[in-house]
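Here is a quick walk through one protein chain and the ligand that sits with it. Have the structure open and follow along.

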Amino acid sequence: MSFRESEERQALRTAAAELGRRYGYEYYVQQARSGGHTTELWQEAGKLGYLGVNLPEEYGGGGAGIGELSTVLEELGAAGCPLLMMVVSPAICGTVIARFGTDEQKQRWLPGLADGSLTMAFAITEPDAGSNAHKLTTTARRDGDDWVLSGRKVFISGIDVADAVMVVGRTEDARTGKLKPALFVVPTEAPGFEWQGIDMELVSPDRQFSLFFDEVRLPADALVGSEDAGLLQLFAGLNPERIMASAMATGTARHALDKAVAYVKERSVWSTPIGAHQGLSHPLAQIKIELELARLMTQKAAFLYDSGDDTGAGEAANMAKYAAAEVSTRAVDQAVQSLGGNGLTTEYGVASMVAAARLARVAPVSREMILNFVAQNALGLPKSY
Ligand SMILES: Cc1cc2nc3c(=O)[nH]c(=O)nc-3n(C[C@H](O)[C@H](O)[C@H](O)COP(=O)(O)OP(=O)(O)OC[C@H]3O[C@@H](n4cnc5c(N)ncnc54)[C@H](O)[C@@H]3O)c2cc1C
């Protein structure tokens, strides 16, 4: 076991950090506030091979793993440009297609997901199901060779920049009983598919949408993987999602901590810089410790996932996501406090991170659902629901 990153990984980290710094938080916020997107950064990251670093080489990817992809996202987040769609497009959708897709599906999607010329959103959340995926009602029925999909999704990120969306539904004969999900790729221009933006208070260029599928006709090969192994396939995508969400949150925490530390070193209102007062230095030191712990768990989860241990990765990915969400929330809050009034100004760019940092406690899986998972799986405690 080595706690030292390989030279290749370090080089990737340095290069991704350099790319992120060239754009920076001002660019990210400006795109968010003007209704723009991070298209230039996305395309450049794609051209450099960063977006597809986890995807198979034979389909245009880098042939590495989630460890590498999450390194890129952490560094972009630390530079102030957390690309949310990296969690979705190459990590969830790319992984599921690479692991379970047919050769034609891989040819159709993976090269574009890898170089960033195609983006795929991911839709599991439904208004009446929420955290309870067993209540999903988006349903596909067979009609000859085709599928006909109907249902509703909510809070789906990035449909406005996506070419397609991977939808978690269920097949008609599996409407009741235990969740038996089936995954469908739906092109965004498919007739019968509409969406509507949701007004959110996050300062982010990645927006959320309600999706409406009204008898959307799909060809047979819209189904990714088998109808019968749906849950396994879904989890294969959800572990990378959690690892990537952790990396995004630790990146955000680093960005906030860096801003706070730089400020308290410079600002003096008594005889020393305010960073000398333990009322500020101790909470910042605590955040540094919790941040390194969260990063370590994220790296462990990625290592387990990349070495093929889906079960071990599941527990570690949940724990990493929990720890990363806590530290990103606390880091941004403490950064606001450290900057005093400036912490709430537009100029210093800290208050604008509050909602986005907090998001990690809610999505892609809430803090409470992670605690339920750990209570039941790691501690063997009974379920309340
Ligand atoms: C910015 C943003 C982006 C998103 N992007 C996507 C996306 O791209 N694709 C997608 O599919 N979804 C996306 N989501 C949805 C996200 O995954 C859900 O919001 C999240 O899973 C929680 O579901 P919910 O909002 O329905 O909350 P609910 O399930 O209604 O939960 C509300 C509260 O109740 C708690 N709770 C529920 N059940 C229990 C229980 N058994 N025990 C204890 N507490 C419980 C929850 O923890 C939470 O605190 C996004 C959400 C946001 C905010």
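## The C-terminal part

UniProt, in an unreviewed entry, puts the feature "domain: Acyl-CoA dehydrogenase/oxidase C-terminal" at residues 230-378. What you're looking at is a predicted model. In it, that span is 79% helix and 0% strand, and its end C-alpha atoms lie 24 Å apart.

A nice residue to click on here is Ala-294, which lies in helix 7 (residues 278-306). Is Ala-294 buried or exposed? Ala-294 counts as buried because it has 25 C-beta neighbours inside 10 Å, and the cut-off for buried is 20 or more. Leaving aside residues up to four places away in sequence, Ala-294 touches Ser-246, Thr-250, Ala-320, Ala-323, Ala-324 and Val-327. Take Ala-324 from that list: it's 30 residues from Ala-294 along the chain, yet their C-alpha atoms are separated by 5.2 Å.

## Three domains and one contact

The domain assignment splits the chain into domain 1 (7-118), domain 2 (122-224) and domain 3 (230-378). The centres of domain 1 and domain 3, taken over C-alpha atoms, are 20 Å apart. Their contact uses 23 residues from domain 1 and 23 residues from domain 3. On the domain 1 side, helix 1 (7-33), helix 3 (66-78) and helix 4 (85-100) each chip in at least two residues. Helix 3 gives the largest share of that side, 10 residues. By type, the domain 1 side has 14 nonpolar, 6 polar and 3 charged residues.

UniProt also has a feature for the other end of the chain: "domain: Acyl-CoA dehydrogenase/oxidase N-terminal", again from an unreviewed entry, at residues 6-116. That span is 70% helix and 0% strand, with 26 Å between its end C-alpha atoms.

## Around the ligand

Which residues come nearest to the ligand? Of the 22 around it, those are Gly-130, Ser-131, Ser-157, Ser-366 and Glu-368. Strand 1 (120-123), strand 3 (146-157), helix 9 (354-362) and helix 10 (367-378) each give two or more residues to this shell. Domain 2 and domain 3 each put in at least three residues. The shell's make-up is 14 nonpolar, 7 polar and 1 charged.

Helix 10 is worth a second look: its 12 residues reach 16 Å from first C-alpha to last, close to the 16 Å expected at 1.5 Å a residue. Just after helix 10, Gly-380 takes a positive phi of about 70 degrees. In the loop between helix 9 and helix 10 you'll find Pro-364, and the peptide bond from Ala-363 to Pro-364 is cis, with omega near 0 degrees.

## Backbone oddities and a far-off end

Two residues other than glycine have a positive phi to check. Phe-155, in strand 3, has phi near 65 degrees. Phe-155 counts as partly exposed because it has 19 C-beta neighbours inside 10 Å. Glu-215 is in strand 7 (residues 208-218), and its phi is near 50 degrees. With 12 C-beta neighbours inside 10 Å, Glu-215 counts as exposed.

Finally, Ser-2 is in the segment before helix 1. Why does Ser-2 count as exposed? Because Ser-2 has 6 C-beta neighbours inside 10 Å, and 12 or fewer is the limit for exposed. Ser-2 and Gly-144 are 142 residues apart in sequence and 54 Å apart in space, C-alpha to C-alpha.

Technical notes: Residues numbered from 1 in each chain as written. Predicted model: local features only at pLDDT ≥ 70, side-chain atom pairs only at ≥ 80, totals over all residues. Domains from an automatic or database assignment. Contact = placed C-beta atoms within 7 Å. Helix = DSSP H or I, 4+ residues; strand = E, 2+ residues; numbered from the N terminus. Nonpolar A, V, L, I, M, F, W, Y, C, P; charged D, E, K, R; others polar. UniProt positions renumbered as here; feature names shortened; annotations may be inferred. Near = placed C-beta within 6 Å. Expected span 1.5 Å × (residues − 1).
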